[in-house]
Amino acid sequence: MLKQKPSALPLRYAVIIGAVGGLGALLFAVAGGLGQSSVTAQDFVNLQEGNNPHLGFRRAHAKGFCIAGEFVSNGSLQPYSIAPQFAATSTPFVGRISIAGNNPTAPDLNAPVRSLALSFGAGSSRWLTAMNTPPVMAVGTPEAFYQQIQALSPDPETGERNPERIQAFFATHPETQTFRNWQAGYTPTASFASEIYHSINAFYLINENGDRQAVRWAAMPTISSNEELDSENVNALQNEFFARVEAQPVAFDLTFTFANDSDDETNPTVLWPEDRQQVVAGQIVVHQAMPENEGNCNEINFDPLVLPKGMAATADPILRARSAAYAESYRRRAREHFLNSSLQPSPQKESENSQ
Amino acid sequence: MSQPTTYNLSARVMHWGMAFLLFSMLFAGLAMVQSLQPWHLTLLGLHKSFGVIALIAVMVRLIIRLRTATPAMPDSIPALQKRIAHASHWLLYAAMFAMPLSGYFMQNAAGRPVAVFDLFTLPAVMPVSLPLYGFFREVHALVAWALIALVLVHIAAALHHGLVKRDGVLQSMTGRKK
Ligand code: HEM
Ligand code: HEM
Ligand code: HEM
């Protein structure tokens, strides 16, 4: 074996420490956000869950219930997509109806946004979609959406929203105009069954030739409901829906709107003009509704980027941002359920009794 | 028969190929779980596909390891240190299996198909369950950090042998000129 010069020894140790330390430091820095843009998935979910997270619940759309039923496709999308859901057949689904917000006991009727999420099929033909009542997003990037939530959140000191901050936000974000117009003209209905739920983000349908068609979709109600609900009852909408499904199935027409070349499918803040081709792909028929602890929707992360063959995501920055944020919220609530098996997914049974 | 002085070629190719793959997987994993950028979807797809490759690779590697002679460590190394070195190798194997398996299982528990480069989809071997997802998701993160710690110590030891002790241990993996 070679005898080494003793003077070289410190240098050799320096190489070892430099190499190992450098690699360790780099891994640590990447884990700590090196190379990330200003807002990370963790920042987003921290903001959404607030200072007192509701353990075990979704950090957004925390209050909801499970539904089950079938999508009865009429086959009219078959020329545009090879997804098996669009053949003239019926596909069972599991879904979830919810209201926006991080509070699992929030009063139904105060929620600004209502939602419908669906999961159809398995394996490479699985399709998940989470839809909301507004037809557009107020802003077009996750960073701006983060600022929007910050601006709309109540001030931690006063507990009130700060109108000046909200004004300032909208003033610097003219792209919010379409959303605000919708908001001004929207009257919530008296049932989850009579709302329109929009995909908001656009996706591509892909047919067997590989042709892509940009689309948005919406679940359109088949009934209307304006009856008075008990505004004191925090579960007014849930109770109404459970009673309704008990009596007869609730149906929505799943309607696709096709973009033209002039439409920007990556911008969720703009509405496409009214004259765009619309295709009704079939009916979403809800046969059952059950509390989360009795259904099997709570274990689903309705990540909108889980798409079957025959559909693909557009480059819409909001759409792309949703996946990582949903995964972070999913991770947190799943960990809480693993660590505490007595966590109940849904408190609505108790609150029903306490009315 | 005397033991060889180097790992055989297949073991060395697997070692260096997997070292590169695993570092890429670690960096990709740590970066993608934070990112809200459009590349998240692409990187996640690659992470899962290459993760399955890593699982197949470590199975092949274990078979090679069990079926070929490994070089004897130099006599200058005390017996206890040899045992620790061996134990650390088996811990590295444990982590190399636990990473892709926990990744695969967590996707099963989430009800999400694991597609490998759009070529084929792995079957689900685990029921869909929120607490199970919680378990495997945390295992995936914890074992990742355990693997990082092990590998850093491993590299420090390898370089110590190669640069300071110069006892041929580093060359047993880099190969030596005949
Ligand atoms: C960057 C934008 C967005 C972020 C960061 C975000 C964040 C989240 C998070 C963290 C969850 C909880 C996920 C879980 O734990 O399973 C969630 C649920 C949900 N989001 Fe979003 N969201 C965004 C945009 C949208 C848009 C555009 C829509 C509508 C089209 C939407 C509809 C929903 C619905 C319906 C749910 C509830 C799904 C369920 O019932 O599990 N979100 N969102
Ligand atoms: C040697 C193999 C693998 C390594 C070294 C590895 C490493 C990692 C790391 C370091 C993270 C980030 C964890 C965190 O910061 O919390 C991660 C996340 C992830 N890994 Fe892996 N992984 C491997 C294999 C797999 C496989 C085979 C799959 C699935 C088929 C997988 C699926 C995932 C997913 C889905 C995430 C993100 C989870 C989330 O969004 O919350 N990984 N991985
Ligand atoms: C992810 C990274 C790495 C992993 C998982 C890993 C794993 C292993 C394993 C399991 C062995 C035992 C032999 C076998 O069965 O193949 C080994 C041996 C070895 N590795 Fe690594 N290694 C990594 C990176 C490195 C690096 C970067 C170096 C060099 C600086 C290195 C140097 C060595 C040496 C010299 C040996 C032979 C040691 C002996 O037989 O006592 N390894 N490695």
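User: In this predicted model, how do the residues of the shell around ligand 3 divide into nonpolar, polar and charged?

Analyst: The shell around ligand 3 divides into 14 nonpolar, four polar and two charged residues. In this predicted model, 20 residues surround ligand 3, and the closest are B:Y7, B:H15, B:R65, B:Y93 and B:H154. Arg counts as charged and Tyr as nonpolar, so B:R65 belongs to the charged class, while B:Y7 and B:Y93 belong to the nonpolar class.

User: What makes the pairs between ligand 3 and the side chains of B:R65, B:Y93 and B:H154 polar contacts?

Analyst: The cut-off for a polar contact is a pair of N or O atoms within 3.5 Å. An oxygen atom of ligand 3 is 2.9 Å from an N or O atom in the side chain of B:R65, and an oxygen atom of ligand 3 is 2.6 Å from an N or O atom in the side chain of B:Y93. For B:H154 the ligand atom is a nitrogen, and the distance to an N or O atom of the side chain is 2.7 Å. Each of these distances is within 3.5 Å, and therefore each pair counts as a polar contact.

User: Which elements of chain B each supply at least two residues of that shell?

Analyst: They are the helices α1 (9–32), α2 (39–67), α3 (79–109), α4 (130–165) and α5 (169–174) of chain B.

User: Why is B:S172, which lies in helix α5 of chain B, called buried or exposed?

Analyst: B:S172 has a relative accessibility of 8%, and buried means under 20%, so B:S172 is called buried. Leaving aside neighbours within four places in sequence, B:S172 is in contact with B:T5, B:T6, B:Y7, B:R12 and B:P71. With B:T6 the separation is 166 residues in sequence, but 3.9 Å in space from C-alpha to C-alpha.

User: How do you know that the site of ligand 2 is shared between chains?

Analyst: The site is called shared because residues from chains A and B surround ligand 2. Of the 27 residues around ligand 2, the closest are A:R331, B:L22, B:H47, B:R137 and B:H140. A polar side-chain atom of A:R331 lies 3.3 Å from an oxygen atom of ligand 2, and on the chain B side an oxygen atom of the ligand is 2.6 Å from an N or O atom in the side chain of B:R137. A nitrogen atom of ligand 2 is 2.7 Å from an N or O atom in the side chain of B:H140. The elements giving two or more residues to this shell are α7 of chain A together with α1, α2, α3 and α4 of chain B. By class, the shell holds 18 nonpolar, six polar and three charged residues.

User: What area do chain A and chain B bury between them?

Analyst: The two chains bury about 4,200 Å² between them, 66% of it on carbon and sulfur atoms. In chain A, the residues that lose the most area to chain B are A:L27, A:R320 and A:R331, which together make up 15% of what that side buries. In terms of contacts, 52 residues of chain A meet 43 residues of chain B.

User: Why is A:Y326 called partly exposed?

Analyst: The relative accessible area of A:Y326 is 27%, and partly exposed covers the range between under 20% for buried and over 50% for exposed, so A:Y326 is called partly exposed. A:Y326 lies in helix α7 of chain A, and an unreviewed UniProt entry places the feature "binding site" at A:Y326. A polar side-chain atom of A:Y326 lies 2.6 Å from a nitrogen atom of ligand 1. The largest share of the shell around ligand 1, seven residues, comes from α7(A).

User: Why is B:G111 called buried?

Analyst: With a relative accessible area of 19%, B:G111 falls under the 20% cut-off, and therefore B:G111 is called buried. B:G111 lies in the loop between α3 and β1 (114–116) of chain B. Not counting residues up to four places away in sequence, B:G111 touches A:R126 and B:V128.

Terms used: Residues are numbered from 1 along each chain as its sequence is written. Chains are lettered from A and ligands numbered from 1 in the order in which they are written. This is a predicted model: local features need pLDDT of at least 70, side-chain atom pairs count only at pLDDT 80 or more; totals for chains, interfaces and linings use all residues. Side-chain values use heavy atoms; hydrogens and water are left out. A residue is near a molecule or strand if one of its heavy atoms lies within 4 Å of it. A polar contact is a pair of N or O atoms within 3.5 Å; within protein, one must be able to donate a hydrogen and the other to accept it, and residues adjacent in sequence count only if both atoms are side-chain atoms. Helices (H or I, at least four residues) and strands (E, at least two) are DSSP runs, numbered from the N terminus. UniProt positions are given in the numbering used here, feature names are shortened, and annotations may be inferred rather than shown by experiment. Buried means under 20% relative accessible area, exposed over 50%, partly exposed in between (1.4 Å probe, protein chains only). Contact means heavy atoms within 4.5 Å. Buried area is the accessible area (1.4 Å probe) that two parts lose on being put together, summed over both.
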